[in-house]
Amino acid sequence: MAYKKIIPYINGENELPANIIMQAEQYCFAGADALFIYNYSKMEKEREEFLATLKLIAAKIDIPFITGMYVGRFEDAKKAFYTGAEQVVVKYEICPDMAVLKEVTGRFGADKIIVEIDGDIDFDKVPFPVDTLLIKHVDMDAGLERKCSNAGKQIIIRDSLLRNDLESLLRLPNVCGVSTNYFLDKEIFKIKMNMKQAGIEMNTFESAMDFSEFKTDEKGLIPCITQDYKTGEVLQLAYMNQQSYEATCATGKMTYFSRSRQELWCKGETSGHYQYVKELRLDCDHDTVLAKVHQVGAACHTGARSCFFNELAKKEYNNTNPLTILNEVFATIEERKAHPKEGSYTNYLFDKGIDKILKKCGEEATEIVIAAKNPDAEELKYEIADFLYHMMVLMAECGLNWDDVVKELANRH
């Protein structure tokens, strides 16, 4: 069964980019299912600044975001999708051109474009060529329920939750989510749990097993290994009891039991270095928990990223990881761009500019084609490495990173 979503909205009009990014991160870690971030300005400069902000947000959060922008032509929608947005909202009030709507849905798909419209009109009678409508300015009455039921589309209700309550809105027919700014600085995980207890299917962080099925020690504790959800880096080992485990599931923040202080311990409560939970697993013997988290700052009280920094013994081995290597090389390229080094070939390319970088990318691509015709693959691997390096220089010059590229590849599955 599809679950109902809480989609906080952020008004990006006349707002500082830093504030928009900060709110997006807060909502992401608080348990939002997605975000709706909008700026419907028709001024080219403001739109470009907003697009740049959305790209920064895409690099900071790991939940989907929907963006609302002025879409007067196909190119406007394309630019919006290039920020990493999952869907684009077209505000019908300022862009009532059905031909443009049909063009963008024809290119990107009816599931990728959302039409925003006022709830006081009969939106169920307008044949919008999209799968989802975003309805604002609603009043809970029989008319709204009838229109939602007859629309034949998914409905997202945008509401401040001052006149209407969340449960009533989520129970409306065809409503797949509610977009609101009411939950800023609130724990959305707990709100979704309340909705689930009211019989509404929500994406809650609910354990598949009861803590009583875990094998604990005589004090009711179970060890928990915590690792970075992206890199797999082991960050720390701590202990949990039933209360701390249930608090972790309820808040989405790692909560442990401190054996020295004999009390619950929410990681980051004093330092701000929270661990936001992405996944919890139990081992085959049911006696160890594995937590995959987004670590803010350092995991160790010493200020180190990981608690496991004391090397005891080491055997030489090949531990190269493709993504790690690419990230490390790219980090060096970005470092050269920010802090030029005399004699650096990378800085030579940046100094020469985009045309030189593009020329080198073209040359290296041609070298790959030539090398691929050779039955010996040795030459080919060198040419591919050369191309990847120059491509990363191009990425840095154009403001992209590997996260941008990987997300785009993931969307093509």
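**Close-up views of a predicted model**

**View 1. The hairpin of strand 12 and strand 13.** Phenylalanine 257 faces leucine 264 of strand 13. The model is predicted; local features need pLDDT of at least 70, side-chain atom pairs count only at pLDDT 80 or more, and totals for chains, interfaces and linings use all residues. Residues are numbered from 1 along each chain as its sequence is written, and side-chain values use heavy atoms, with hydrogens and water left out. Strand 12 (residues 255-258) and strand 13 (residues 263-266) pair in the antiparallel sense over four bridges. Pairing requires that DSSP finds at least two bridges between two strands. Strands (E, at least two residues) and helices (H or I, at least four) are DSSP runs, numbered from the N terminus. Four residues lie between the strands of this hairpin, and glutamine 262 has a positive phi near 55°.

**View 2. The open sheet of four strands.** The strand order is 11-10-15-14, with mixed pairing. Strand 11 (234-240) and strand 14 (275-282) are the edge strands, each pairing on one side only. On average, neighbouring strands are turned by 25° against each other, direction ignored. Axes are lines fitted to C-alpha atoms, for helices over the stretch in contact; angles run from 0 to 180 degrees between N-to-C directions.

**View 3. Strand 14, strand 15 and helix 8.** Seven bridges join strand 14 to strand 15 (residues 289-295) in the antiparallel sense. Arginine 281 stands opposite leucine 290 of strand 15. Helix 8 (residues 242-251) packs on the sheet and touches strand 11 and strand 14, where contact means heavy atoms within 4.5 Å. The direction of helix 8 makes about 120° with that of strand 14.
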